[in-house]
Amino acid sequence: MEEKNETVNEEIKTETAEVKKKKTKEEKRLEAELEKLQGELAAETDKYMRMLAEYDNFRRRTAKEREGIYADAYADAVTELLPIIDNLERAAMFSDAESVGKGVQMTLAAVREVLAKIGVTEIENETFDPNFHNAVMHVEDEAYGEGAIVEVLQKGYKKGDKIIRYSMVKVAN
């Protein structure tokens with residue numbers, strides 16, 4: 001019986017050793033897989049951090065460019081308006097009405113030219129359109145059709161589809 005016990009004990013030891021070998025092989029395989037996955041994670045984390053830094057740099061650069069574009073556009077618009085101020089100052093020096101009137105007409109022409117250069121156009125004022133006009137007065141007059149603009153109190157301007165200022169108008173019927 002002792003021999004049987006020894007045989008069983010040896011078998012158990014052999015099986016235990018085999019399980020340990022299998023476990024060791026499985027552990028090694030898992031450790032290798034873990035190292036591989038940790039390397040991939042580190043690579044992806046590095047890639048993500050670089051992309052995040054690039055985006056942050058892009059955001060800062062575009063904000064700076066936007067500010068520069070705004071400042072340039074502002075300076076360009078003011079530069080276009082300076083000759084008008086010069087003309088008004090010259091007109092203010094004259095005392096006779098004819099010269100002042102002529103100076104004002106020239107200044108208005110210069111303003112219209114500047115507005116045309118920067119793409120600003122006057123809003124047409126034939127029939128009332130709430131997308132372009134602000135009706136501040138209403139008059140009942142059969143001589144005018146429905147929604148006809150009787151008087152323009154203040155001209156409106158637009159640049160492309162953007163309304164800069166709505167026309168203030170008196171509307172009939």
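Where does Asn173 lie relative to strand S6 (167-172)? The legends below take up this residue and three further close-up views of the structure, which is a predicted model.

**View A. Asn173 and its backbone angle.** Asn173 lies in the segment after strand S6, which spans residues 167-172. The phi angle of Asn173 is near 50°, a positive value in a residue other than glycine. Asn173 counts as buried because its relative accessibility is 18%, and the cut-off for this class is under 20%.

**View B. The surroundings of Ser167 in strand S6.** Ser167 is found in strand S6, and with a relative accessible area of 0% this residue is buried. The side chain of Ser167 takes part in a polar contact of 3.1 Å with the side chain of Asn125. A polar atom of the Ser167 side chain also lies 2.9 Å from the backbone nitrogen of Gly156. When neighbours within four places in sequence are left aside, the residues in contact with Ser167 are Ile123, Asn125, Phe132, His133, Asn134, Gln154, Lys155 and Gly156. Asn125 and Gly156 are thus listed among the contacts of Ser167, and each also supplies an atom to one of the two polar distances given above.

**View C. The largest pocket and its lining.** The largest pocket holds about 300 Å³ of space. Its lining consists of Ala77, Leu81, Val111, Val114, Leu115, Ile118, Val120, Tyr157, Lys159, Lys162 and Ile164. At least two of the lining residues are supplied by each of helix H1 (2-93), helix H2 (97-117), strand S4 (157-159) and strand S5 (162-165), and the largest share, three residues, comes from H2. By class, the lining of the largest pocket comprises nine nonpolar residues and two charged ones, with no polar residue.

**View D. The second largest pocket and its lining.** About 200 Å³ of space lies in the second largest pocket, whose lining is made up of Val104, Thr107, Leu108, Val111, Arg112, Leu115, Val120, Thr121, Glu122, Lys155 and Tyr157. Two or more of these residues are given by H2 and by strand S1 (120-122), and H2 contributes the largest share, six residues. The lining of the second largest pocket divides into six nonpolar, two polar and three charged residues. Val111, Leu115, Val120 and Tyr157 appear in this lining and also in that of the largest pocket. Lys155, which helps to line the second largest pocket, is also among the residues in contact with Ser167.

Key: Residues numbered from 1 in each chain as written. Predicted model: local features only at pLDDT ≥ 70, side-chain atom pairs only at ≥ 80, totals over all residues. Heavy atoms only, no water. 1 Å grid on protein atoms, 1.4 Å probe; cavity = no way out; pocket = protein on both sides within 12 Å on 5 of 7 lines; lining within 4 Å. Points joined across faces, edges and corners; volume = space filled by probe spheres on them. Helix = DSSP H or I, 4+ residues; strand = E, 2+ residues; numbered from the N terminus. Nonpolar A, V, L, I, M, F, W, Y, C, P; charged D, E, K, R; others polar. Buried < 20%, exposed > 50% of the residue type's maximum accessible area, 1.4 Å probe, protein only. Polar contact = N/O pair within 3.5 Å; in protein donor to acceptor, adjacent residues only side chain to side chain. Contact = heavy atoms within 4.5 Å.
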